[in-house]
Amino acid sequence: MNRITRTSLLLLLSLNLALSFSVSAGKLETPLPAPEFSQTDADSWLNSSPLSLRELRGKVIMLDFWTFDCWNCYRSFPWMRQLEQALADEAFTVIGIHTPEFAHERVRANVEAKIDEFELHHPVMMDNQFIYWQMMGNKYWPTFYLIDKRGKVRSIYIGETHAGTKQARVIEGHIRELLRE
């Protein structure tokens, strides 16, 4: 293969990979119904008895897909705790969806220890078989889904988030919009 053809081929492959991994996030043009939580047994829930989206109607919900060995996930927790404190008197709740990447992250005792270490007080559903992950069409850790008071997914935000960053301000602004609806 000559040099120009090889370079063109590499450029084309790089562009194809870049496009295949592009991420679309933010407000959805058309809200979608959020699927009901996949886990209903008490052993799959931490910091709460099993919850349903139906019983949470009337609240704005932020789903947080995470796994405890994901440093992007746990580096977002300080912002999330601040957000929960700031909105403690509002119709807002965070629900963690712990979807493990590795075998040791499937062990309830390990997840419990990490929840204590990270000082998480919101409900967490263990999604060891990736059922809810697949129902939501999720692909990344962490991903935050905002669900409105009627149970519709209104936006998706991907990636590590810190207080004061552009993404944090956008998410917080959208939560406040949903709370006013």
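**Exercise 1.** Which elements do the buried residues of α3 pack against? Work this out for the predicted model, starting from the residues themselves.

*Solution.* Begin by listing the residues of helix α3, which spans residues 77–86, that fall under the 20% cut-off for relative accessible area: the buried ones are Phe77, Trp79, Met80 and Leu83. These residues lie on the same side of α3, because they cover an arc of only 155° around the axis. In general, an α-helix has 3.6 residues a turn, so residues three or four places apart point the same way. Turning to the other side of α3, one finds that Gln85 and Ala86 are exposed. The last step is to follow the contacts of the buried residues, which pack against β3, α2 (71–74), β4, β6 and α6.

**Exercise 2.** Describe the sheet, and then place helices α3 and α6 on its strands.

*Solution.* First establish the strand order: 7 strands form an open sheet, arranged as β1-β7-β6-β3-β4-β5-β2, with mixed pairing. Its edge strands are β1 (26–33) and β2 (45–46), each of which pairs on one side only. Next, place the helices: α3 lies across β3 (60–66), β4 (92–98) and β6, and runs at about 165° to β3, while α6 (residues 166–180) lies across β1, β3, β4, β6 and β7, at about 170° to β7.

**Exercise 3.** How many bridges join strand β6 to strand β7, and which residue of β7 stands opposite threonine 143?

*Solution.* Strand β6 covers residues 143–147 and strand β7 residues 152–158; the two run antiparallel and are joined by 5 bridges. Within this pair, threonine 143 stands opposite isoleucine 158.

Definitions and conventions. Residues are numbered from 1 along each chain as its sequence is written. This is a predicted model: local features need pLDDT of at least 70, side-chain atom pairs count only at pLDDT 80 or more; totals for chains, interfaces and linings use all residues. Side-chain values use heavy atoms; hydrogens and water are left out. Two strands pair if DSSP finds at least two bridges between them. Helices (H or I, at least four residues) and strands (E, at least two) are DSSP runs, numbered from the N terminus. Contact means heavy atoms within 4.5 Å. Axes are lines fitted to C-alpha atoms, for helices over the stretch in contact, and angles run from 0 to 180 degrees between N-to-C directions. Buried means under 20% relative accessible area, exposed over 50%, partly exposed in between (1.4 Å probe, protein chains only). The arc is that of the directions from the helix axis to the C-beta atoms.
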